[in-house]
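Trainee: I have a structure open in front of me and would like to learn how to read it. Could we go through a few features together?

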Amino acid sequence: MTAYLLAAQQGYVEVVSAMLDQDANINQKNAAGINALMLAASHGRIPVERQLLERGIGLGAKTDQARSALFSAMDWQSLPETVDPLLE
């Protein structure tokens, strides 16, 4: 996992922001096809979700198992606030 994806998963919004400011690929995926938005959503990292969406991350991306960021958010303890940014 890259530093960018790990920062998204852990909720380090400032680190994600700095990496994107330095031209990190916002749509980067890991070996399973999971991107930063999916990682943030699946771990309840709402500030990172919002930032990625504001910066234009693609919502249509799917993992190798055809799971979307919305699926990832819904899978994370079913907290509505995790899903809300993806529906706005």
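Mentor: Gladly! Let us begin with a term: two residues are in contact when heavy atoms of theirs lie within 4.5 Å. Keep in mind that this is a predicted model.

Trainee: Which residues is Ala36 in contact with, leaving aside its neighbours within four places in sequence?

Mentor: They are Tyr4, Leu5, Ala8, Gln28 and Leu52.

Trainee: And how should I think about a nonpolar core?

Mentor: Here is the general idea: in soluble globular proteins, nonpolar side chains tend to be buried together. In this model, the largest nonpolar core has 18 residues, and those touching the most other members are Tyr4, Val16, Leu20, Ile26, Ala36, Val48 and Leu52. Helices H1 (3–10), H2, H3 (36–42) and H4 supply at least two core residues each. H3 gives the largest share, with five residues.

Trainee: Which residues of H4 are buried?

Mentor: Look for Ile46, Val48, Glu49, Gln51 and Leu52. After H4 comes Gly56, which has a positive phi near 95°.

Trainee: How many salt bridges does the structure hold?

Mentor: Just one. To spot a salt bridge, look for a side-chain nitrogen of Lys or Arg within 4 Å of a carboxyl oxygen of Asp or Glu. Here Arg55 pairs with Asp21, and their closest N and O atoms are 2.8 Å apart. Arg55 sits in the loop between H4 (46–54) and H5 (69–75), while Asp21 belongs to H2 (residues 13–21), so the pair ties together parts 34 residues apart in sequence.

Trainee: How accessible are Arg55 and Asp21?

Mentor: Arg55 is partly exposed at 37% relative accessibility, and Asp21 is partly exposed too, at 48%.

Note on methods: Residues numbered from 1 in each chain as written. Predicted model: local features only at pLDDT ≥ 70, side-chain atom pairs only at ≥ 80, totals over all residues. Heavy atoms only, no water. Helix = DSSP H or I, 4+ residues; strand = E, 2+ residues; numbered from the N terminus. Buried < 20%, exposed > 50% of the residue type's maximum accessible area, 1.4 Å probe, protein only. Core = buried A, V, L, I, M, F, W, Y, C linked by side-chain atoms within 4.5 Å.
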